[in-house]
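Walk through this structure with me, one strand pairing at a time. We start from a single side chain and work outward.

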Amino acid sequence: QVQLVESGGGLVQAGGSLRLSCAASGRTVTNYAMAWFRQAPGKEREFVAAISWGGSSTLYADSVKGRFAISRDNAKNTVYLQMNSLKPEDTAVYYCAADRRGTLISYARGSQAGKYEYWGQGTQVTVSS
């Protein structure tokens, strides 16, 4: 089993930055694809970004492209989401997810929540205007 714990959320003004971390335990996730999703109040969970096991492939939702960056440190069993130029519409609970199938074949597949087997509890990000 893989346990995922997110951290780094908080309250920030529009235009600011935050870096989220997702620490994995229970098993190394070196060979896992990792992703970030988010869910705003009253909305469905949506894909934010994903990274392949080696970090060579990344995917981003159009809404965050150019502002967010996903990265991983396999030595630390940790994945990060650097969020810059934050907007009020980025306000949501952000979830980390892991899939033992470590490759990202396509955006259609890599952005699907059903692909990911393990999920964290989420961290709240609030962007004030």
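Buried means under 20% relative accessible area, exposed means over 50%, and partly exposed covers the range in between. Keep those cut-offs in mind. The model is a predicted one.

Begin at Trp-119. Its relative accessibility is 25%, so Trp-119 counts as partly exposed. Trp-119 sits in strand S10, residues 118-119. Which residues does Trp-119 touch, leaving aside those up to four places away in sequence? They are Leu-4, Phe-37, Arg-45, Tyr-95, Cys-96, Ala-97 and Ala-113. There is also a polar link. The Trp-119 side chain reaches the backbone oxygen of Tyr-116 at 3.2 Å.

Two of those contacts, Leu-4 and Phe-37, serve as ways into the strands.

Take Leu-4 first. Its bridge partner in S3 is Ala-24. The strands involved are S1, residues 3-7, and S3, residues 18-25. S1 and S3 pair in the antiparallel sense, over five bridges. S3 also pairs with strand S8, residues 78-83. That pairing is antiparallel too, with six bridges. Within it, Leu-18 has Met-83 of S8 as its bridge partner. How far is Met-83 from Trp-119, in sequence and in space? The two are 36 residues apart in sequence and 20 Å apart in space, C-alpha to C-alpha.

Now take Phe-37. Its bridge partner in S5 is Phe-47. Here strand S4, residues 33-39, pairs with S5 in the antiparallel sense, over five bridges. S4 and S5 form a hairpin with six residues between the strands. In that hairpin, Gly-42 takes a positive phi near 75°.

Stay with S5, residues 46-51. Why is S5 described as largely enclosed by the rest of the structure? Five of its six residues are buried, so the strand is largely enclosed. Recall that buried means under 20% relative accessible area.

S5 has a further partner in strand S6, residues 58-60. Three bridges join S5 to S6, and the two run antiparallel. One residue pair shows the register: Ala-49 has Tyr-60 of S6 as its bridge partner. S5 and S6 form a hairpin, with six residues between them. Gly-55 lies in the turn and has a positive phi of about 85°.

Put the route together. From Trp-119, the contact with Leu-4 leads to the pairing of S1 with S3, and then to S8. The contact with Phe-37 leads to the pairing of S4 with S5, and then to S6.

Methods. Residues numbered from 1 in each chain as written. Predicted model: local features only at pLDDT ≥ 70, side-chain atom pairs only at ≥ 80, totals over all residues. Heavy atoms only, no water. Helix = DSSP H or I, 4+ residues; strand = E, 2+ residues; numbered from the N terminus. Buried < 20%, exposed > 50% of the residue type's maximum accessible area, 1.4 Å probe, protein only. Contact = heavy atoms within 4.5 Å. Polar contact = N/O pair within 3.5 Å; in protein donor to acceptor, adjacent residues only side chain to side chain. Pairing = 2+ DSSP bridges.
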